[in-house]
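Colleague: I would like to learn how to read strand pairing and burial in a model. Please take me through a case.

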Amino acid sequence: MNKPLRRIAIFCGLLVMALLVRTNWLQFVQADELKTDPDNRRVSIARYAQPRGNIIVDGKSVTGSAATDGTDFKYKRTYKDGKMWAPVTGYASQAFGANQLEKLYDPILTGDDDRLFFNRTIDMVTGKPQKGGNVVTTLSAKAQKAAYDGLGDKKGAVAAIDPSTGAILALANKPSYDASAFAGNGDKDSKAWTALQKKNNPDDPMLNRALRQTYPPGSTFKVVTAAAGLESGDYDIDSKTDSPDPYRLPNTSKDLGNEGNIPQCEDASIRVALQWSCNTVFAKMSDELGNDEMIKTAEKFGFEKDVEGGTLDPDLDTPVRPAKSIYPKDTRPQNAQAGIGQASNRATPLQMAMVASAVANDGKLMKPYMVDKLVAPNLNTVEQTKPEELSQPVSAENAQKLQSAMETVVEKGTGTAGKIPNVTVGGKTGTAQHGENNKDNPYAWFISYAKTSDGSPVAVAVVVESSDTLRDDIAGGKLAAPIAKDVMEAVLDEKR
């Protein structure tokens, strides 16, 4: 072979080799990346080539699929009572992707999960279309409806937990959205999606307030401060405290008083201070315990020190990851105010439901979760969630003392609106100031649990962010407690 031909042959050989390397690189190295690329339309077309599996509540699906015409997508997602269930299901849209359970369990719902290989093989052999599996939740339809209806036209959120297992029973938001409105990929869907974005809708209906919005927890946090005091051994539930009224915040010239100038707050015991929500007692207690001790106790209840590494909490996947609740590393005066749920203290409704849950469960905090199991199309269980203990933030003895005090709050304190006939209810009200110089209307809180002879089947946290109530009438006992009562009654009715 002459020299020019040899060069051409070598060059052609290199081209063939480069082509083989590139082909193998695409098939074996980049295959998964390309398969999941959001710009790969084939993936979306395949995802909606058959009906999706469903998200199940109380044995019934709250999702569905509808056939479509004139598009590459054969089916689109539908939702039953979409606004009520949006904080749980999230959305699955042909044009805008998916989030929450719809995204986290997409392989199960589409049938592509490797654990459904046997089912796919049977479908292939029999010539049947591929089927997706189902996601079975821990949610209670009655509790969810009570929470959603109870919020009415108020902006806010509700979280309810089974204290003995950590199973989430309700997650409700107002305002909310119906994901069916943008499940397709047409102009109508685009307009619905655009209208829901925060820049176009300041109420931000797509924000999952129960899991992703943090608020100053106000006086509901006094339960955590009381737990820290009892665990320290320096306080007892019915012993008087040396608490002046008003209380001079440490290292300042500012006096902290009590709402309503309640005379019982001076030197009040923990029980009386919870009963009448005495700021002075718990601010002083927080200062005496110190910032490090308060952080330590808050962390045992599920709070985080800071937001380094992101604003979401990987330790509390439900499996939807909630925002971190923060008890701040701060100065003495700020720590005193954080001890009454103000300053930089921030918590999600889920977090405050966890506080009530731990107290109700004799001090044992269970990890919250809202997916009971994943099932294959043939109804075989693919994955089962097992309850998991997260921590023991307070001893059983001290938890029972806190139960007694929280029950006093409901029986003859600020939380009487949470009473349920012939049922033992413990609770704590909260009214959290916010805005520059507290100029905005306060948040109304209520955390509670209901107790039967078989234990405590439900713990609830309610926050009302805004309503048409006059500022002077905004209080946790008035706005939030009746909602919590309805949710607790719904769960109790199911247990009877």
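The dialogue below covers one strand, its partners and a loop residue.

Modeller: This is a predicted model, in which local features need pLDDT of at least 70, side-chain atom pairs count only at pLDDT 80 or more, and totals for chains, interfaces and linings use all residues. Residues are numbered from 1 along each chain as its sequence is written, and side-chain values use heavy atoms, with hydrogens and water left out.

Colleague: Which strands pair with strand 8?

Modeller: Strands (E, at least two residues) and helices (H or I, at least four) are DSSP runs, numbered from the N terminus. Two strands pair if DSSP finds at least two bridges between them. Strand 8 runs antiparallel to strand 18 (residues 455-466), with 7 bridges, and Ala160 stands opposite Val460. Strand 8 is also antiparallel to strand 9 (residues 168-174), over 6 bridges; there, Ala159 has Leu171 as its bridge partner. The hairpin of strands 8 and 9 has 6 residues between the strands, and Gly166 takes a positive phi near 90°.

Colleague: Which way do the residues of strand 8 point?

Modeller: In a regular strand the side chains alternate between the two faces of the sheet. Here Lys155, Ala157, Ala159 and Ile161 point one way, and Gly156, Val158 and Ala160 the other. Of the 7 residues in strand 8, 7 are buried (under 20% relative accessible area, 1.4 Å probe, protein chains only; exposed is over 50%, partly exposed in between).

Colleague: Why does Thr214 count as buried?

Modeller: Thr214 counts as buried because its relative accessibility is 15%. Thr214 lies in the loop between helix 10 (209-212) and helix 11 (222-232).
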